[in-house]
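Trainee: Could we go through this one together, with the reasoning behind each label?
Mentor: Gladly; here it is.

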Amino acid sequence: MWMARKIIASRPEEGALQLGMVTRAGESRVAVQGEGDYYDLPLAAPWGMACVPPEGSQAMLIPGGPEGGVCFGTVMQADGLNAGEIRLRSAGGAEVLLRNNGDVVVNGQVFAKPREEDA
């Protein structure tokens, strides 16, 4: 533990969260311009999910490590969501919304949660 602290203290620029702008995006890597220019950063996401952020997105990254850092997400837009709800949205406008009441909304079409007496 003390060794990790000494290493981090000797490289304060590594391991500190930074915000930047996605300047180029590929299948699983991005270029981000933040406090510095970062090229070919790997993207991190929860297991089973994958995305490629569009250019111009505000990215969150942690610089350092053998690959120069990692981009672990973009700043999200939670407009119109209540706590506990989930929205998946593509740059092309497709959207899936999981509402707290059990409804699923796909591109504006509501699929109501089945009532228990209907199940």
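**Reasoning from the labels**

Mentor: Let's begin with the sheet in this predicted model. Its four strands are arranged in the order 6-7-8-9, the sheet is open, and the pairing is antiparallel.

Trainee: What makes strand 6 and strand 9 the edge strands?

Mentor: Strand 6 (86-89) and strand 9 (109-111) each pair on one side only. As for the angle, neighbouring strands in this sheet are turned by 15° against each other on average, direction ignored.

Trainee: How do you know that strand 8 and strand 9 pair?

Mentor: Two strands pair if there are at least two bridges between them. Strand 8 (residues 104-106) and strand 9 have three bridges, in the antiparallel sense, so they qualify as a pair. Within this pair, valine 105 stands opposite valine 110.

Trainee: What about strand 4 and strand 5: how many bridges join them?

Mentor: Five bridges join strand 4 (residues 58-63) to strand 5 (residues 69-74), and the two run antiparallel. With at least two bridges needed, they therefore count as paired. Here isoleucine 62 stands opposite valine 70 in strand 5. The hairpin has five residues between these strands, and glycine 64 takes a positive phi near 115° there.

Trainee: Why is serine 57 called buried?

Mentor: Its relative accessible area is 14%. Buried means under 20%, so serine 57 falls in that class. Serine 57 sits in the loop between strand 3 (37-42) and strand 4. Leaving aside residues up to four places away in sequence, serine 57 touches Gly20, Met21, Val22 and Thr74.

Trainee: And what share of the protein is buried by that cut-off?

Mentor: Buried residues make up 19% of the 119 residues.

Trainee: Thr74 came up as a contact of serine 57. Where else does Thr74 appear?

Mentor: In the lining of the largest pocket, which holds about 1,200 Å³ of space. Of the 29 lining residues, the closest to the centre are Cys51, Thr74, Met76, Arg87 and Arg89. Strand 5 and strand 6 are the elements that give two or more residues to this lining.

Trainee: What is the chemical make-up of that lining?

Mentor: The lining divides into 18 nonpolar, seven polar and four charged residues. Arg counts as charged, so Arg87 and Arg89 belong to the charged group.

Trainee: Finally, how many helices and strands are there?

Mentor: One helix and nine strands, and the pattern along the sequence is α-β-β-β-β-β-β-β-β-β. Among contacts between residues at least 6 apart in sequence, 35% join residues at least 24 apart.

Methods. Residues numbered from 1 in each chain as written. Predicted model: local features only at pLDDT ≥ 70, side-chain atom pairs only at ≥ 80, totals over all residues. Heavy atoms only, no water. Axes fitted to C-alpha atoms, helices over the stretch in contact; angles between N-to-C directions. 1 Å grid on protein atoms, 1.4 Å probe; cavity = no way out; pocket = protein on both sides within 12 Å on 5 of 7 lines; lining within 4 Å. Points joined across faces, edges and corners; volume = space filled by probe spheres on them. Buried < 20%, exposed > 50% of the residue type's maximum accessible area, 1.4 Å probe, protein only. Contact = heavy atoms within 4.5 Å.
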